[in-house]
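Welcome to this short tour. Open your viewer, keep the selection tool at hand, and follow along one stop at a time.

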Amino acid sequence: MEMIIAGLLDSISPASLMFLLVGVAVGVMIGAIPGINGPMAIALFIPITYYMTPLTAIGFLVGLNKGAFFGGAVSAVLLRTPGTPEAAATSWDGYPLTQQGKGEKALRMALYSSVAGDFISTMVLIVIAAPLAAVALFMGPSEIFALISLALTVIAGIGTSSIGRGLMAAGFGILVGLIGTEPVTALPRLTFDVYQLGSGLSLIPVAIGLLAFSEILLQLERFAGKGDGEHSAHVFSSKPEDRFLPIKEFFKNIKTLLRGSMIGIGVGAMPGLGAPVASFMSYDQAMKRSEHKDEFGKGRLEGIAASESANSSVVASSLIPLFVLGIPGNLAAAMLMGAFMIHGMQPGPLLFKENAQLMYGIYGSLVLASLFLLVIGRFGLRLFCKAVDIPAMILYPIVMFTCIMGAYLGKSSMFDVGVMLVFGFIGYFMRKFDYSYVAFLIGFILAPEWERALQQVVIISEHDTFMFFQRPVAMGLMALAFFVIGRTFWTSFKEGRKKRAEAVVAEEQAKNG
Amino acid sequence: MQVTRIKRDSIAYLLIVGFCILMLAWAIPIYTPAYPGYGASAALVPIVAVSVMLFMACLSLMFIGVSSYLKKPMPVEEREFPEDLEGGGGFTQVGRINLPHLARIMIPCVLLVVAIEYIGYVLASFAFLMILQYAIGSRKWLQSIVVSIILTAVLYIVMRYGFGVPVPGPQIFE
């Protein structure tokens, strides 16, 4: 109990509150800019958190992520340019409302749905993470090894249309993550005699390069053909009924909102699915169950409530596998895992045992971030709408230069800037060739832990090949990992066969004129 | 002649196969510590990772080869680039590589990394930002100068006085 009170008191210290507030505000502002999302914002701002206490740093990054998730709705509603896939469903009903002059009302619905979804999800996280972590403490190295193997196979399917390319990307990420000092012999491995690689590649330059720099390279490519970007046509109506959202109207959508939150929590808690899946699933369910199906896509508030409550509830629930098992369920959680590691903590069940006060402080920050999002969003809505109008000619050089200096800031090393540029270049090719940079990054982050678990298994079992057979949970998890790979391959094989059959028909039709 | 997507993917798989063979035959044996006699070998996990990559690349190549040999038509999404399809690529970022664009952005970045060590942060950053803005199409000189000066100054102040981190390269204001 003392720990809980101390942790909560930490979360309301002036420094924590200030950085949390700044994090949420900056997150909304950044998220509102098309093309910049939560994980990218975390990658850009992680270097700054080097100079903060762990609680302030994690609180700041969590606030940033929560803010960015709502911010994504701003460009989706005003420009129909969601920038991130999870905000796409919001734009389907948000933009038609903007065209009707009801953009502010749509944004208010998005805000309240985001806050509600996020708050419910945070409460679920608080209630179930610690008890689950206590159970997870019984897991030994074999179970951890099997669990990471499972996570890697599940995550290999994110961000690519091919599981094969996803596994290649995860393998490459693991390989890059193993560069540095080998844990058993303490000798350099795969450093190619470059002394700067002795301590391995830092997460910051790799993440900034892959997430932010490569994204800007792609956006600049698209921008070059378009001119000075798209500008919103948001002319807000001055009529109160078009601007404000009456409580009665909000409560009309409460069922959709609660359903969306539950979908978001379920999807977020499962590694690998992510916010876009939650958002689309929730929208689909809302449409199927609505009495006004025909109005969906034409400016229905219910559609916004469904999409935003689901995608925002993923933010907190994706922390469940991270806190309970040390497995990041999505990219934002992976970036937060990196932030934990930078501050000397290993996410997982031991966090609750070794850093209980900090964990309760983080819980406090998570709840406060929801409240700050409500307040900041409520009063700064019109200001944040201006972010979508920042000229690309000014925005891109700022982001690019921030990437470069952000990479430098971590270790005050120009070598890291070089690493960032290399991974920016690699990230550009990975995106263009459809190799999952998400799988790469998660493989990179999990590689040392995976190897550590394997080493422990081998040492404890004294090279007993059948060690796994004595650990039913580990065996079950490994079997599940193989099942996931097999099932994904089978599904893509079936889909491929269907598409090929369609291609044959199309070709024959073309031949016959 | 423009390369089709399937050809480009095949070249990428071949390059990955080559990379994996190089890693397995040369890099891993040479740059991995010898087995100390306990635990797992330091080369085990790198070999597993590279083997997964190699297996997947070979499988993909084999699949393309068999389809081509049997003259089975490939689905249009696998054959063509998303930008060439009707309706574009949606959220996908898959597409053709634009080398001139890459060079236009990457060369100033590389030059910045080199120049900053010689001429210092302030001059190198200012020049970099001017060149970058020109490279992305800005021709408003006054705006470019103002953005470059403000951004260079803000990050200098944030790093030097906010975080107490020395800016890279020679310190001209010290």
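Start by selecting helix α19 of chain A, residues 392-411, together with helix α5 of chain B, residues 141-162: in this predicted model the two pack at an angle of about 25°, with their axes 11 Å apart. Angles under 35 degrees count as roughly parallel, so α19(A) is roughly parallel to α5(B). Turn the view a little and you can follow the crossing of α19(A) and α5(B), which is right-handed.

Now show the side chains where these helices touch. On α19(A), select A:Met393, A:Ile394, A:Pro397, A:Ile398, A:Phe401, A:Met405, A:Tyr408 and A:Leu409. On α5(B), their partners in the contact are B:Gln143, B:Val147, B:Leu151, B:Thr152, B:Leu155 and B:Met159. Try colouring this contact by residue class: twelve of its residues are nonpolar, two are polar and none is charged.

Next stop: the second largest pocket, with a volume of about 1,000 Å³. Its lining has 36 residues, and the closest to the pocket centre are A:Phe172, A:Ile426, A:Phe429, B:Ile16 and B:Phe19. Select those five to find your way in.

Which helices each supply at least two residues of this lining? Select α8 (163-177) and α20 (414-432) in chain A, then add α1 (5-30) in chain B. The largest share, nine residues, comes from α20(A).

Finally, colour the pocket lining by class too. You will find 32 nonpolar residues, two polar ones and two charged ones.

Note on methods. Residues are numbered from 1 along each chain as its sequence is written. Chains are lettered from A and ligands numbered from 1 in the order in which they are written. This is a predicted model: local features need pLDDT of at least 70, side-chain atom pairs count only at pLDDT 80 or more; totals for chains, interfaces and linings use all residues. Side-chain values use heavy atoms; hydrogens and water are left out. On a 1 Å grid over the protein atoms alone, a cavity is a set of points where a 1.4 Å probe fits but cannot get out, and a pocket is an open set with protein on both sides within 12 Å along at least five of seven lines; lining residues have an atom within 4 Å of a point. Grid points are joined across faces, edges and corners, and a volume is the space filled by probe spheres set on the points. Helices (H or I, at least four residues) and strands (E, at least two) are DSSP runs, numbered from the N terminus. Ala, Val, Leu, Ile, Met, Phe, Trp, Tyr, Cys and Pro count as nonpolar, Asp, Glu, Lys and Arg as charged, and the others, Gly among them, as polar. Axes are lines fitted to C-alpha atoms, for helices over the stretch in contact, and angles run from 0 to 180 degrees between N-to-C directions. Angles under 35 degrees count as roughly parallel, over 145 as roughly antiparallel, 65 to 115 as roughly perpendicular and the rest as oblique. A crossing is left-handed if the near helix is turned anticlockwise from the far one by less than a right angle, and right-handed if clockwise. Contact means heavy atoms within 4.5 Å.
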